Amino acid sequence: MRDRTFVLLALMLASRVAASDLATAIQEGNDALARDDFQGAIGKYSAGTLSAPDSPELSYNLGVAHLRAGDLASAAQLFGSAGDVAEA
């Protein structure tokens with residue numbers, strides 16, 4: 001019983017850390033976009049995908065950053081990914 005409780009607590013802590021990492025990545029990416037630091041935003045959003053690879057919000061935000069940086073092909077791919085994940 002103790003082992004199960006420990007595993008459950010560890011999983012709960014890991015999910016909170018992942019959510020915190022995601023929120024931080026989004027906020028820092030948004031801040032970079034507001035400063036027109038497109039490469040910085042791409043870096044912050046990309047870092048967020050390590051903890052939340054299937055986040056439609058991150059895919060969309062990455063798409064916006066790539067679009068504003070002039071990388072239309074990457075932006076289109078990321079916008080498509082955001083839509084696919086949101087529909088699933």
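1. Start with H66. Setting aside neighbours within four places in sequence, H66 is in contact with I42, D71, S74, A75 and L78. H66 lies in helix α3. Its relative accessible area is 15%, so H66 counts as buried. Keep in mind throughout that this is a predicted model.

2. Overall make-up. The chain has 4 helices and 0 strands. Read from the N terminus, the order of elements is α-α-α-α. The chain holds 88 residues, and 26% of them are buried. Take the contacts in the chain with a separation of 6 or more: 39% of these join residues 24 or more positions apart.

3. How α2 meets α3. Two packed helices are described by the angle between their axes and the distance between the axes. Helix α2 covers residues 38-48 and helix α3 covers residues 56-69. Their axes come within 9 Å and cross at roughly 160°. Angles over 145 degrees count as roughly antiparallel, which makes α2 roughly antiparallel to α3. The crossing of α2 past α3 is left-handed.

4. Who makes that contact. On the α2 side the residues are F38, Q39, A41, I42, Y45, S46 and G48. On the α3 side they are L58, N61, L62, A65, H66, R68 and A69. Sorted by class, the contact of α2 with α3 has 8 nonpolar, 5 polar and 1 charged residues. H66, from point 1, is among the α3 residues here, and I42 of α2 is one of its partners.

5. A65, buried or exposed? A65 is buried, because its relative accessible area is 0% and the cut-off is under 20%. A65 sits in helix α3. With neighbours within four places left aside, A65 is in contact with L33, F38, A41, I42 and Y45. Of these, F38, A41, I42 and Y45 also belong to the α2 side of the helix contact. The C-alpha atoms of A65 and D36 are 9.1 Å apart, with the two positions 29 residues apart in sequence terms.

6. D36 deserves a look at its backbone. Phi of D36 is near 60°. That is a positive value in a residue other than glycine. D36 is in the loop between α1 (2-34) and α2. With a relative accessible area of 47%, D36 is partly exposed.

7. N61, another α3 residue. N61 is found in helix α3 and is part of the contact with α2. Which residues does N61 touch, not counting those up to four places away in sequence? They are I26, N30 and Y45. I26 and N30 fall in α1, given its range of 2-34. N61 is buried, at a relative accessible area of 11%.

8. S59 and its partners. S59 is in helix α3. Its relative accessible area is 11%, so S59 is buried. Neighbours within four places aside, S59 is in contact with L78, S81 and A82. These three residues fall within helix α4 (residues 72-87). L78 is also in contact with H66. S59 and Q77 are 18 residues apart along the chain, and their C-alpha atoms are separated by 9.1 Å.

9. The aromatic pair. A pair of aromatic rings is described by the distance of the centres and the angle of the planes. The count here is 1 aromatic pair. The ring centres of Y60 and F79 are 5.4 Å apart and the planes stand at 45°, so the pair is tilted. The pair links distant parts of the chain: Y60 belongs to helix α3 and F79 to helix α4, 19 residues apart.

10. Exposure of the two rings' residues. Y60 is partly exposed, with a relative accessible area of 46%. F79 is partly exposed too, with a relative accessible area of 30%. Both values lie between the cut-offs of 20% and 50%, which is why neither residue is called buried or exposed.

11. What else does F79 contact, neighbours within four places aside? Besides Y60, F79 is in contact with G63, V64 and L67. F79 itself is in helix α4. F79 and E57 are 22 residues apart in sequence, and their C-alpha atoms are 9.8 Å apart in space.

How values were computed: Residues numbered from 1 in each chain as written. Predicted model: local features only at pLDDT ≥ 70, side-chain atom pairs only at ≥ 80, totals over all residues. Heavy atoms only, no water. Axes fitted to C-alpha atoms, helices over the stretch in contact; angles between N-to-C directions. Helix = DSSP H or I, 4+ residues; strand = E, 2+ residues; numbered from the N terminus. Parallel < 35°, antiparallel > 145°, perpendicular 65-115°, else oblique. Left-handed = near helix turned anticlockwise from the far one by under 90°. Contact = heavy atoms within 4.5 Å. Nonpolar A, V, L, I, M, F, W, Y, C, P; charged D, E, K, R; others polar. Phe/Tyr/Trp six-rings, centres within 6.5 Å; stacked < 30°, edge-to-face > 60°. Buried < 20%, exposed > 50% of the residue type's maximum accessible area, 1.4 Å probe, protein only.
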